[in-house]
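Thanks for making the time this morning. I would like to walk you through one model, beginning with its interior spaces and then turning to its metal site.

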Amino acid sequence: MNMNRRAFLKTTGAGLMASAFPLSLVKIAFGGQAPAQDFTFGYISDAHLQQIQGNEFVRNWDMGLIRAVREANLLTPRPDFFMFGGDLAQLGKKEELDHGLQIMSNLRGKVHYVIGEHDYYLDLGEYWQSKIGPLWYSFDHKGVHFVTLNSILTYDSWIHKKWPSPMDRMLAMARLDNPNGSPFMVGEEQLTWLKKDLEKVNRSTPVVLFSHSPIQKIFKPWNFWTEDAERVQALLKPFEKATVIYGHVHQIEYNQIGNITFHAVMATAWPWPYPESYSQTASCLPKLTVPMNRADPFFERDATGWQFIDVRKGKVGMHYQLPDNKNRSVVFNSKAGKPQDVNYQDYGSRIPPQTHY
Ligand SMILES: [Fe+2]
Ligand SMILES: [Fe+2]
């Protein structure tokens with residue numbers, strides 16, 4: 001497996017070098033705007049670092065993040081930047097966020113952060129903002145417009161109801177299937193900001209939006225869901241190339257809704273089951289998605305991992321780095337107009353469940 005991964009990293013590097021011809025050769029009259037350049041970035045998500053007491057943290061979750069950082073540090077050529085996709089902490093504690101930032105400080109390169117519900121519901125993002133930065137923002141990189149949202153907000157009436165303590169509120173959001181939770185949403189303030197932010201962006205500029213929860217509706221009982229997803233999708237609709245990358249679901253998912261391509265990232269902590277494999281309730285797991293076979297309780301890193309992402313002509317290719325499983329790549333197929341798994345999309349090429357992919 002190690003050889004395979006090294007070989008993959010090398011092959012990918014060689015491929016990128018071959019395709020990185022000078023921008024001056026591809027200067028095309030494009031409404032006065034240069035086309036987006038090709039580049040790469042890394043994505044680590046859902047570490048869920050949990051304090052036991054004092055300096056003691058749950059070892060397994062620590063090891064997932066440490067391993068991802070170490071592997072990502074081996075990437076050659078270096079990615080332009082990294083994203084962290086939220087749920088750095090398990091229960092939003094300062095100690096957990098500090099511990100996470102300390103591990104992340106070993107990652108070589110600039111990191112942009114997305115906040116998750118496990119980081120937020122203890123102090124409503126106060127410590128996060130003081131240590132990391134704003135909860136939503138945008139930036140431009142090599143001709144691509146990136147937007148980061150805080151998609152795990154919910155109704156004010158739920159946030160501010162009379163909780164016995166802030167930790168009770170945190171615990172109500174921390175469970176996968178807690179009936180006392182509340183649906184995630186982006187909310188009016190951010191929707192207004194997003195509308196203004198995107199108004200400044202040329203419609204031919206590729207847009208990549210990062211969120212913690214999916215900006216599509218997959219399974220409400222587990223909050224694989226954002227209540228106002230359609231309103232965000234409507235703001236992305238005018239763009240020729242729009243992609244949403246989200247964490248929270250701890251599993252490979254991909255989908256295409258109109259012009260918008262969706263990709264989920266893996267967790268470094270643990271895999272969630274696919275809703276359809278676990279619950280009797282109907283789910284809306286995208287038909288396009290080929291689920292992983294998993295998880296093997298004898299391998300604690302089974303079905304966890306991190307992502308190496310290439311951006312080519314403004315569309316992303318997701319390369320899932322899975323230490324205990326075969327790596328997977330899900331790449332936008334421009335002929336088909338949707339993302340597809342490079343190896344396993346066709347039913348006939350899938351591996352029997354005994355071999356995990
Ligand atoms: Fe998570
Ligand atoms: Fe989450």
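**Cavities and the iron site**

The count comes to two cavities of 30 Å³ or more, where a cavity is a set of points, on a 1 Å grid over the protein atoms alone, at which a 1.4 Å probe fits but cannot get out. Before going further, I should say that this is a predicted model, in which local features need pLDDT of at least 70 and side-chain atom pairs count only at pLDDT 80 or more, whereas totals for chains, interfaces and linings use all residues. Residues are numbered from 1 along each chain as its sequence is written, chains are lettered from A and ligands numbered from 1 in the order in which they are written, and side-chain values use heavy atoms, with hydrogens and water left out.

The largest cavity has a volume of about 50 Å³, a volume being the space filled by probe spheres set on the grid points, which are joined across faces, edges and corners. Among the residues lining this cavity are Arg67, Glu71, Arg301 and Trp306, lining residues being those with an atom within 4 Å of a point.

Now to the metal. The iron ion (ligand 1) has as its protein donors Asp46 (OD), His48 (NE2), Asp87 (OD) and His250 (NE2), at 2.0 to 2.3 Å, donors being N, O and S atoms within 2.8 Å of the metal (3.2 Å for Na, K and Ca). The iron ion (ligand 2) lies 3.4 Å from the iron ion (ligand 1), and aspartate 87 coordinates both.

Is histidine 250 buried or exposed? Histidine 250 is buried, because its relative accessible area is 0%, and buried means under 20% (1.4 Å probe, protein chains only).

Notes. Buried < 20%, exposed > 50% of the residue type's maximum accessible area, 1.4 Å probe, protein only. 1 Å grid on protein atoms, 1.4 Å probe; cavity = no way out; pocket = protein on both sides within 12 Å on 5 of 7 lines; lining within 4 Å.
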